[in-house]
Amino acid sequence: MKPSPLLIRLLLIACASALAVSAARIWWPGIADGIAKLWWTGLALLTLAALLDFATGRHCRGLSGRREHPGNLALGVDEAIQLTLFNGGSRPLSLQVTDQVPAELRWAGLPVRMQLNPQQEIVTHYTATPVRRGLAAFGYIEVLTSSPWNLWQRKVLLGENQDAKIYPNFLGISSLQALSTEQTLRYMGVHQQQRRGEGLDFRQLREYRRGDSQRQIDWRASARMQKLISREYQDERDQEIIFLLDCGRRMRARDGDLSHFDHALNALLLSAYVAIRQGDAVGLQCFAGSHSSLPPVKGEGSINLLLNHVYDLHSGTAHSDYTAAAEQLLARQQRRALVILLTNVRDEDSEDLTAAVQQLSRHHLVMVACLRERALDELLEAPVVDFDAALMHSAGKDFVQRRGRLLQELKARNTILADALPSEMHMSLVETYWQLKRSGKL
């Protein structure tokens with residue numbers, strides 16, 4: 001136990017009173033003895049009260065607590081953490097409650113003060129926001145209990161250690177699960193190319209609709225049914241998409257509350273979900289710092305497999321070697337696939353990146369998804385008010401132009417590009433994938 005703020009204030013008052021007694025002996029000797037007796041009486045009473053309060057308040061029997069939280073948390077999404085406290089003792093308790101929150105969470109609403117009567121249960125909440133993916137370890141619930149007269153405080157640890165997994169922001173996926181593919185794309189704001197029944201794989205026969213091409217008509221079925229019957233096709237299924245994810249130092253740049261790497265993971269998961277819903281298989285290979293890989297998987301359950309594979313994946317400080325990453329992918333992936341390279345390109349990557357793309361293009365369809373830095377757009381839009389601002393503006397414009405030349409060079413080599421701000425990359429990826437799917441290039 002430790003002295004409470006109230007006991008410390010009383011002791012300070014006693015010390016100040018002792019100085020007053022000493023001053024009285026100098027200036028008012030006649031009343032000094034009476035003041036001294038009064039001071040000693042007060043000090044004795046305070047000491048006796050402190051000892052009695054210590055004896056009665058050092059035990060805190062019957063107090064229990066528990067924590068309830070989702071086992072899986074989403075990065076950047078506020079979650080309510082529930083704390084439940086129960087007083088099974090015989091005396092009222094004045095409590096100050098806080099929690100041992102892991103460093104991966106930013107919290108608000110702690111500490112909480114409450115008065116807990118005997119046999120009473122109180123439920124309180126605080127807000128926690130995950131700021132870093134991975135495994136988060138909660139400690140104990142910390143409760144500071146006061147003695148009956150509030151002269152002493154004792155720290156009590158309640159509950160138990162608990163773990164929670166912090167995933168990329170998967171709430172976008174969960175909100176799309178009940179929607180069809182067309183509804184999903186419409187919900188995300190992706191423009192769809194209208195092409196009725198002209199996919200690559202036969203799906204079913206149906207009645208002729210206005211706008212169907214003549215080559216869709218099944219003449220034998222039409223003669224048998226005595227009405228026009230059209231063949232309906234669907235986009236080819238069982239294709240493979242491999243995400244080549246850059247885990248190098250450039251992906252550590254931040255855009256808002258999230259890093260480029262976290263934005264890239266969110267875009268990867270949403271576009272992977274759309275591809276899986278289309279019947280395609282999705283795989284992953286990381287490079288530059290992490291060499292984690294996942295062979296192509298398909299089916300509704302594969303998105304959970306992908307989530308569990310990447311939830312504790314982080315960017316490092318290594319240099320991004322695109323050529324080595326391309327060689328590793330070619331050694332593992334023999335079947336033709338759509339390879340989506342998620343990275344943050346710079347003009348100094350020109351030779352390495354173009355060589356890697358050219359090498360991959362011999363066997364696969366290649367898309368380069370470039371995360372554009374918002375800070376550059378803000379720099380170019382800022383007014384030029386002095387010489388330093390002019391230098392910054394010129395440097396930023398030169399950087400953007402050199403980066404643009406690199407992207408044009410990739411485009412000239414028939415490389416598919418998705419260039420977008422980090423927060424908009426998921427829409428750009430899904431829209432580009434859908435266009436490739438509908439055009440039959442994939």
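So, the largest cavity: there's about 50 Å³ of space in there. Keep in mind that this is a predicted model. The structure has three cavities of 30 Å³ or more, and I'll talk about two of them.

Who lines the largest one? You've got Leu244, Tyr322, Ala325, Ala326, Leu341, Ala356, Val357, Leu360 and Val366. Two elements give two or more residues to that lining, namely α8, which is 322-332, and α9, which is 350-361. And the chemistry is easy to remember: nine nonpolar residues, no polar and no charged ones.

Now go to the second largest cavity, with about 40 Å³ of space. Here the wall is made by Arg249, Arg250, Ala318, His319, Ser320 and Asp349. By class, that's one nonpolar, two polar and three charged. So much for holes.

Next, the packing. The largest nonpolar core has 44 residues. If you want the ones with the most contacts inside that core, look at Phe243, Leu245, Leu284, Leu306, Leu342 and Leu429. The element that gives the most to this core is α6, with eleven residues. There's also a second, separate core of 28 residues, and Cys60, Leu85, Ala136 and Val156 are among them.

Let me stay on Phe243 for a second. Leaving out residues up to four places away in sequence, Phe243 touches Leu268, Ser271, Ala272, Val282, Gly283, Leu284, Gln285, Ile340, Leu342 and Leu429. Three of those names, Leu284, Leu342 and Leu429, you just heard in the list of best-connected core residues.

Back to α6, residues 260-277, because there's a histidine to show you: His263 is found in that helix. Is His263 buried or exposed? His263 counts as buried, because its relative accessibility is 11%, and the cut-off for buried is under 20%. With residues up to four places away in sequence set aside, His263 touches Asp255, Leu258, Pro422 and Ser423.

Okay, zooming out. The protein chain has twelve helices and 22 strands. The radius of gyration is 34 Å, and the globule rule gives 22 Å for 442 residues, so the chain is more spread out than a compact globule. The C-alpha trace spans about 125 × 65 × 40 Å along its principal axes.

Two last numbers. Buried residues are 46% of the 442 in the chain. And of the contacts with a separation of 6 or more, 72% are between residues 24 or more positions apart.

Technical notes: Residues numbered from 1 in each chain as written. Predicted model: local features only at pLDDT ≥ 70, side-chain atom pairs only at ≥ 80, totals over all residues. Heavy atoms only, no water. Helix = DSSP H or I, 4+ residues; strand = E, 2+ residues; numbered from the N terminus. Buried < 20%, exposed > 50% of the residue type's maximum accessible area, 1.4 Å probe, protein only. Contact = heavy atoms within 4.5 Å. 1 Å grid on protein atoms, 1.4 Å probe; cavity = no way out; pocket = protein on both sides within 12 Å on 5 of 7 lines; lining within 4 Å. Points joined across faces, edges and corners; volume = space filled by probe spheres on them. Nonpolar A, V, L, I, M, F, W, Y, C, P; charged D, E, K, R; others polar. Core = buried A, V, L, I, M, F, W, Y, C linked by side-chain atoms within 4.5 Å. Rg over C-alpha atoms; globule rule 2.2 N^0.38 Å.
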